[in-house]
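Trainee: Please take a close look at the ligand site and what surrounds it.

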Amino acid sequence: MSTILITGANRGIGLEFVKQYLGDGDKVIATCREPSKAQGLSALSGSLDVLSLDVTDIVRIREVARTLRKTAIDVLINNAGVYGPRPAPFGSIDLDDWVETVRINAMAPLKICEAFVEHIGSSKQRKIIAISSKMGSQGDNTSGGSYIYRSSKAALNAVMRSLAVDLEGRKISVAMLHPGWVRTDMGGASAAIDAEQSVRAMREVIAGLTLASSGRFYNYDGTEIPW
Ligand code: NDP
């Protein structure tokens with residue numbers, strides 16, 4: 001049995017990760033902003049702990065890390081994220097919205113990794129996952145726009161790439177995953193795949209992650225995405 005910690009676990013891709021890992025008999029620590037309103041989580045059974053965590057709340061991140069100090073975490077999944085305001089075209093970018101989006105999508109995952117590095121380092125699997133987006137790829141950007149979201153995920157990738165280098169000595173592997181275009185509140189109803197398919201495929205990539213394949217940016221099907 002592995003222990004998996006997932007942020008933004010009350011809906012969408014995060015909730016699906018919780019369901020699938022619980023279904024396999026793993027222990028899941030699901031964090032979300034408002035556990036009392038997390039109906040999707042309260043409907044689940046299995047080895048599940050639900051803890052409140054707004055990922056931008058640094059004090060609370062440290063509090064949760066202290067609460068879990070005796071828990072070895074095999075896989076940390078930094079999933080919580082926002083798209084930011086839309087539309088936000090060239091000429092009308094609000095800097096406060098931009099900062100807030102980067103705070104949630106890129107800064108928070110690093111602070112969470114800092115707080116939980118000992119928990120991960122004391123586990124068997126030692127894996128850190130960031131749910132990124134192809135929108136953060138420079139090589140894949142031929143359609144322009146989406147300044148805020150694209151730059152926040154590009155920043156996340158830069159952070160995670162450095163983490164992969166810095167944590168190699170602790171035998172912690174790191175991967176950035178694009179979940180596909182997924183039917184969630186963020187992805188919308190006309191997205192290409194459902195959360196079940198996306199998460200099932202990403203779990204295979206996570207299961208196959210090793211130190212040798214650490215620090216890379218993967219599509220949900222395991223193919224690499226250009227930076
Ligand atoms: P949803 O909008 O369905 O869910 C987003 C989740 O993030 C919610 O649980 C939300 O919590 C949580 N969240 C947002 N801000 C915070 C915060 N400050 N603290 C804690 N939790 C927060 O999106 P998805 O499930 O689709 O997205 C999950 C991840 O996948 C994101 O990182 C997203 O960028 C990425 N992604 C999604 C794609 C898609 O097509 N769906 C494509 C590419 C990447 P709350 O309910 O409290 O708002």
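Mentor: The ligand site comes first, then one helix beside it and two backbone details.

This is a predicted model, in which local features need pLDDT of at least 70, side-chain atom pairs count only at pLDDT 80 or more, and totals for chains, interfaces and linings use all residues. Residues are numbered from 1 along each chain as its sequence is written, and side-chain values use heavy atoms, with hydrogens and water left out.

The ligand sits in the largest pocket. A pocket here is an open set of points on a 1 Å grid over the protein atoms alone, where a 1.4 Å probe fits, with protein on both sides within 12 Å along at least five of seven lines; a molecule sits in it if more than half of its atoms lie within 2 Å of its grid points. Around the ligand there are 28 residues, of which Asn10, Arg11, Arg33, Tyr149 and Thr184 come nearest; a residue counts as near if one of its heavy atoms lies within 4 Å. By class, this shell has 12 nonpolar, 11 polar and five charged residues, with Gly counted as polar and Tyr as nonpolar. Helix 1 (12-23) and helix 5 (147-166) each supply at least two residues of the shell; helices are DSSP runs (H or I, at least four residues), strands likewise (E, at least two), numbered from the N terminus.

Three polar contacts (N or O atoms within 3.5 Å) can be described. A polar side-chain atom of Asn10 lies 2.6 Å from a ligand oxygen atom. Val182 places a backbone N or O atom 2.8 Å from an oxygen atom of the ligand. In the side chain of Asp54, an N or O atom is 3.0 Å from a ligand nitrogen atom. The protein buries 93% of the 890 Å² that the ligand exposes when taken alone, by the Shrake-Rupley method with a 1.4 Å probe.

Within helix 1, Phe17 and Tyr21 are four residues apart, so about one helical turn separates them.

In the backbone, a cis peptide bond joins Arg86 and Pro87, with omega about 0 degrees. Ser146 is not a glycine, yet has a positive phi of about 45 degrees.

Key
A polar contact is a pair of N or O atoms within 3.5 Å; within protein, one must be able to donate a hydrogen and the other to accept it, and residues adjacent in sequence count only if both atoms are side-chain atoms. On a 1 Å grid over the protein atoms alone, a cavity is a set of points where a 1.4 Å probe fits but cannot get out, and a pocket is an open set with protein on both sides within 12 Å along at least five of seven lines; lining residues have an atom within 4 Å of a point.
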